[in-house]
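Biologist: I am new to this structure. Could you show me how to read its features, one at a time?

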Amino acid sequence: MISRSTLLGALVVVELAILGYAAQAVAGAGPSTHWTFPSWTIHTAGIGGVTTRLDKTFAAGPAPHVVVDVDQADVTIVTQSTPSVHVTGTMTIYGRTSGVKPSLDAVATTDGVRVAVEAGLFQHTGRVEREVRLAVPPGAQVEILSAGDVTTTGLHGKLIARLRGGDLRVSDQQGDVDAETSSGDIQLVDARSGSFALRTDDGDVKLTSSGADHVDAHTKSGSIAGADLRVGDGTLRAESGNIDVSFAADSDATVNLNTGSGSISGAGTTSSDDGSAAGRSVRLGSGRGHVGVSTDSGSITITSGANSHA
């Protein structure tokens, strides 16, 4: 059992250390210092924080496999004409921390590049901000295992994204997209490929001037919106939310519409006089494919100049 005198002595040491740091701050000491105690280290960052920077380039060929596993760091991915992967990033730690600080690094792999954050044995009373930017060849196959908000532009290879709570915005995409986020929006703009698989537990799905042979879009709590959407077959499903879709003129599918609680309206559809829940179908082009559009609680609005039948 620790004696009272030992405990008092330890408290005195801590108080003296705190007074010493305060004196250094008043005297104009630098923005970052650290104190070493017998069994732990406390690092104190100034108001501006302590920043670590990452800047690496890898010769990776025209179609590298790029893996991104960066916890909650925001990620931006753009394309470049050279067959290499350029990774830049910053990690800024604010406030008081203890233990081994997290690391942000990029390494070459057998088939491409991996960018990752190692958490370390780390505790802090402030905050950690991280941001990563990658420039990759258009043919890169990008796999995001964790991140905050993600923005990609110009990819021709497949994009896989698994996010815990961030938004995903994809533009000028020519490869397949397989994306999930637990709490965030998914937005595709000017995306054309063979397959879109999009799922969010709590967020909206938006598709603008985009299309694929097969589209599966699902939100548990949120809306689905499509403008100039081309689809061959698949499903658009909102468990609790509205669906508002304008189909492109070159779509070729029979679209089945159903809502458990809400109305169905728009070009080529009819609803009951009181606007209650109903099921309808719309034929786009020759109606070759099959698309299901449904919501358990919400309304459906379809805009299209295609032939249809109720």
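Modeller: Let us begin with charges. Keep in mind that this is a predicted model. The structure holds nine salt bridges.

Biologist: How do I recognise one, and which residue does D178 meet in a salt bridge?

Modeller: Look for a side-chain nitrogen of Lys or Arg within 4 Å of a carboxyl oxygen of Asp or Glu. Here D178 pairs with R162, at 3.1 Å from N to O. D178 sits in strand β16, residues 177-181, and R162 in strand β14, residues 159-163, so the salt bridge ties together parts that are 16 residues apart in sequence.

Biologist: Why does D178 count as partly exposed?

Modeller: Buried means under 20% relative accessible area, exposed means over 50%, and partly exposed lies in between. D178 has 21% relative accessibility, so it counts as partly exposed. R162 is partly exposed as well, at 29%.

Biologist: What is the N to O distance between R199 and D201?

Modeller: Their side chains meet at 3.8 Å, in a salt bridge. R199 is partly exposed, with a relative accessible area of 29%. D201 is partly exposed too, at 30%.

Biologist: Which residue forms a salt bridge with D296?

Modeller: R237 does, and the closest N and O atoms are 2.8 Å apart. This pair links distant parts of the chain. D296 belongs to strand β26, residues 289-297, and R237 to strand β21, residues 224-240. The two residues are 59 apart. D296 is partly exposed, with a relative accessible area of 39%. For R237 the value is 25%, again partly exposed.

Biologist: Which residues are joined into one network by salt bridges that share partners?

Modeller: D71, R130 and R164 are joined in that way.

Biologist: Now patches. Which residues form the negative surface patch?

Modeller: A patch takes residues with over 30% relative accessible area and no salt bridge. Here D74, E131, D149 and D167 form a negative one. Take D149 from that group. Its relative accessible area is 37%, which makes it partly exposed. D149 is found in the loop between β12 and β13, the latter being residues 150-153.

Biologist: On to strands. How many bridges join β4 to β9?

Modeller: Two strands pair if there are at least two bridges between them. Five bridges join β4, residues 65-69, to β9, residues 112-118. These strands run parallel. One bridge to find is V66 with its partner V113 in β9.

Biologist: Which strand of residues 141-146 is also joined to β4?

Modeller: That is β12, joined to β4 by five bridges and running parallel with it. Here V68 has I144 of β12 as its bridge partner.

Biologist: Next, backbone angles. What is the phi of D190?

Modeller: Start with the general rule. Most residues other than glycine have a negative phi. D190 has a positive phi, near 55 degrees, and is not a glycine. D190 lies in the loop between β17, residues 186-189, and β18. At 44% relative accessibility, D190 counts as partly exposed.

Biologist: Where is S209 placed?

Modeller: S209 is in the loop between β19, residues 205-208, and β20, residues 211-221. Its phi is positive, about 50 degrees, although S209 is not a glycine. S209 is partly exposed at 21% relative accessibility.

Biologist: Last, distance in space against distance in sequence. What separates the C-alpha atoms of D202 and T181?

Modeller: Compare two numbers. D202 and T181 are 21 residues apart along the chain, and their C-alpha atoms are separated by 8.1 Å. D202 is found in strand β18, residues 192-202. D202 counts as partly exposed, at 43% relative accessibility.

Note on methods:
Residues are numbered from 1 along each chain as its sequence is written. This is a predicted model: local features need pLDDT of at least 70, side-chain atom pairs count only at pLDDT 80 or more; totals for chains, interfaces and linings use all residues. Side-chain values use heavy atoms; hydrogens and water are left out. Helices (H or I, at least four residues) and strands (E, at least two) are DSSP runs, numbered from the N terminus. Patches are made of residues with over 30% relative accessible area and no salt bridge: like charges are joined within 9 Å, nonpolar side chains (Val, Leu, Ile, Met, Phe, Trp, Tyr) within 5 Å. Accessible areas come from the Shrake-Rupley method with a 1.4 Å probe; for residues, only the protein chains shown count as cover. Lys and Arg count as positive and Asp and Glu as negative; His and the chain ends are not counted. The place of a charge is taken as NZ of Lys, CZ of Arg, CG of Asp or CD of Glu. Buried means under 20% relative accessible area, exposed over 50%, partly exposed in between (1.4 Å probe, protein chains only).
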